[in-house]
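Reader: Hey, I've got a fold open here and want to talk through its pockets and charge pairs. Can you walk me through it?

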Amino acid sequence: MTALLVFDGDCGFCTSAVDWLKRVLPAAPAAVPYQWADLAALGLTAAEAGARVWLVEGAQRYGGSRAVAELLRRQPDARWRLLGWLAAVPPWSWAAGLGYRLVARYRYLLPGGTPACRAKRA
């Protein structure tokens, strides 16, 4: 199975970010809005999928900043891989996690964001 990036398709910022990744990363995976995905087959719930971005490959699931780190680690360019490795190990992973949570929480205020981009809270 190939990797699949699952994101919030109702969020303009998220859609723009995924489009940017597809343009910039040489090895960007296929991407699908969670609203169109077979979440059960991916091993995700709607609440999980709505709360953060996911990189899914087979039984492996990476969510939030860890998904971004893993996505970068899979790139052929060493610079992207280095960023991915740094984002996956402390203390850098702590900063990456905080950064991801801040972007996710305030994504409706970022370029491309709309009121529909407000993070859904459980």
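Author: Sure. One term before we start: helices here are DSSP runs of H or I with at least four residues, numbered from the N terminus. Also keep in mind that this is a predicted model.

Reader: Ok, helix α4 then. How far apart are Glu-70 and Arg-73 in helical turns?

Author: About one turn, because they sit 3 residues apart in helix α4. They form a salt bridge, with the closest N and O atoms 3.8 Å apart.

Reader: Are those two buried or exposed?

Author: Glu-70 is buried, at 9% relative accessible area. Arg-73 is buried as well, at 19%. The cut-off for buried is under 20%.

Reader: Which residues are in the salt-bridge network with them?

Author: Glu-57 and Arg-74 are linked with Glu-70 and Arg-73 in that network. The side chains of Glu-57 and Arg-74 meet in a salt bridge at 2.5 Å, N to O. Glu-57 belongs to strand β3 (residues 54–57) and Arg-74 to the loop between α4 and α5, so this pair ties together parts 17 residues apart in sequence.

Reader: And how covered are Glu-57 and Arg-74?

Author: Glu-57 is partly exposed, with a relative accessible area of 26%. Arg-74 is partly exposed too, at 30%.

Reader: How many salt bridges in total?

Author: The count is 5. One of them joins the side chains of Arg-107 and Asp-8, at 3.1 Å from N to O. Arg-107 is in the segment after α6, while Asp-8 is in the loop between β1 and α1, so the pair ties together parts that are 99 residues apart in sequence. Both Arg-107 and Asp-8 are buried.

Reader: Switching topic: what's the volume of the largest pocket?

Author: About 900 Å³. It is lined by 37 residues, and the closest to its centre are Val-53, Gly-64, Val-68, Tyr-100 and Val-103.

Reader: What's the polar/nonpolar split of that lining?

Author: 25 nonpolar, 5 polar and 7 charged.

Reader: Which element gives the most to it?

Author: α6, with 8 residues. Other elements that supply at least two residues each include β1 (4–7), α1 (12–24) and α5 (78–88).

Reader: Last one. Which residues make up the nonpolar patch on the surface?

Author: Leu-82, Leu-86, Val-89 and Trp-92, with about 380 Å² of accessible area together. Trp-92 is in helix α6, which covers residues 92–105. So α6 comes up twice: Trp-92 of the patch is in α6, and α6 gives the most to the lining of the largest pocket.

How values were computed: Residues are numbered from 1 along each chain as its sequence is written. This is a predicted model: local features need pLDDT of at least 70, side-chain atom pairs count only at pLDDT 80 or more; totals for chains, interfaces and linings use all residues. Side-chain values use heavy atoms; hydrogens and water are left out. Patches are made of residues with over 30% relative accessible area and no salt bridge: like charges are joined within 9 Å, nonpolar side chains (Val, Leu, Ile, Met, Phe, Trp, Tyr) within 5 Å. Accessible areas come from the Shrake-Rupley method with a 1.4 Å probe; for residues, only the protein chains shown count as cover. A salt bridge is a side-chain nitrogen of Lys or Arg within 4 Å of a carboxyl oxygen of Asp or Glu. On a 1 Å grid over the protein atoms alone, a cavity is a set of points where a 1.4 Å probe fits but cannot get out, and a pocket is an open set with protein on both sides within 12 Å along at least five of seven lines; lining residues have an atom within 4 Å of a point. Grid points are joined across faces, edges and corners, and a volume is the space filled by probe spheres set on the points. Ala, Val, Leu, Ile, Met, Phe, Trp, Tyr, Cys and Pro count as nonpolar, Asp, Glu, Lys and Arg as charged, and the others, Gly among them, as polar. Buried means under 20% relative accessible area, exposed over 50%, partly exposed in between (1.4 Å probe, protein chains only).
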